[in-house]
Amino acid sequence: SFEILKNLKISDQNSYLKMAYASFFHDIALADNEALSLINSFEELEKQKLNNYLWDLTFNHAYEAALLFRKYPETPEGVEEIIKNHHGSQNGKGFSLSVEPLSQLSKVFIVAHQFVIELLLFKEKGGVAKPIIEDLYKMYPQHDMIIIIKSLEKTLKKKSNAK
């Protein structure tokens, strides 16, 4: 997310601080069940055949993490929103690809989060490397999301060219 912010020419340190806090807290409600943090859509949640407790925990984890984050009032405003929005839902419950009403920082976090999940799944499960960026463009065809994805792509190309 930091690299995306740099490429978007967002230089205020508060935005970077918000991303750091959101990165730490967004899945904290799933700390005892780390595998659940790889679930990133309602379809994936349904496929898991979880008991009611784990299903509810996964469905509501962004909301629960945001509630926990409220216990730290000395942190920057806006982090709670990013935490709740990290699966596209405005209220922190469930999953959504409809990201139009979300803030720019929430959208940056969503793109970075989705990229990392896909990378972790590939690392964990192996298989054939797939073009994550192309999948992101398909998932998020909105104009502002395309700009964010291009910012991520720019970073990846820089890293690739540096090798």
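Start by selecting Ser15, Tyr16, Lys18, Met19, Ala22 and Phe25 in helix α2: these residues are buried. Keep in mind as you click around that this is a predicted model.

Now widen the selection to the whole of α2, residues 13-25. You should have 13 residues highlighted. Put a distance label between the first and last C-alpha of α2 and you get 19 Å, close to the 18 Å expected at 1.5 Å a residue.

What do the buried residues of α2 pack against? Bring up α1 (2-7), α4 (52-69), α5 (79-85) and α6 (104-125), and you have the partners.

**α2 against α6**

Hide the rest for a moment and keep α2 and α6. Their axes come within 11 Å and cross at roughly 50°. That angle falls outside the ranges for roughly parallel, antiparallel or perpendicular, so α2 and α6 count as oblique to each other. As for handedness, the α2 and α6 crossing is right-handed. To see who does the touching, show side chains for Ser15, Lys18, Met19, Ala22 and Ser23 on the α2 side, then Leu105, Val108 and Phe109 on the α6 side. Colour that α2 and α6 contact by class and you'll find 5 nonpolar, 2 polar and 1 charged. Several of these α2 names should ring a bell: Ser15, Lys18, Met19 and Ala22 were in the buried selection too.

**α6 against α7**

Stay with α6, drop α2, and add α7 (132-139). How far apart are the axes of α6 and α7, and at what angle do they pack? The axes are 10 Å apart and the angle is about 135°. This pair is therefore oblique as well, and the crossing of α6 and α7 is right-handed. For the contact, pick Val111, Gln114, Phe115, Glu118 and Leu119 in α6, which meet Ile132, Leu136 and Met139 in α7. Sorted by class, the α6 and α7 contact has 6 nonpolar, 1 polar and 1 charged residues.

**Last stop: proline 131**

Where is proline 131? Look in the loop between α6 and α7. Is proline 131 buried, exposed or partly exposed? Its relative accessible area is 41%, and since partly exposed covers the range between 20% and 50%, proline 131 is partly exposed. To finish, draw a C-alpha to C-alpha line from proline 131 to isoleucine 110: the two are 17 Å apart in space and 21 residues apart in sequence.

Technical notes: Residues numbered from 1 in each chain as written. Predicted model: local features only at pLDDT ≥ 70, side-chain atom pairs only at ≥ 80, totals over all residues. Heavy atoms only, no water. Helix = DSSP H or I, 4+ residues; strand = E, 2+ residues; numbered from the N terminus. Expected span 1.5 Å × (residues − 1). Buried < 20%, exposed > 50% of the residue type's maximum accessible area, 1.4 Å probe, protein only. Contact = heavy atoms within 4.5 Å. Axes fitted to C-alpha atoms, helices over the stretch in contact; angles between N-to-C directions. Parallel < 35°, antiparallel > 145°, perpendicular 65-115°, else oblique. Left-handed = near helix turned anticlockwise from the far one by under 90°. Nonpolar A, V, L, I, M, F, W, Y, C, P; charged D, E, K, R; others polar.
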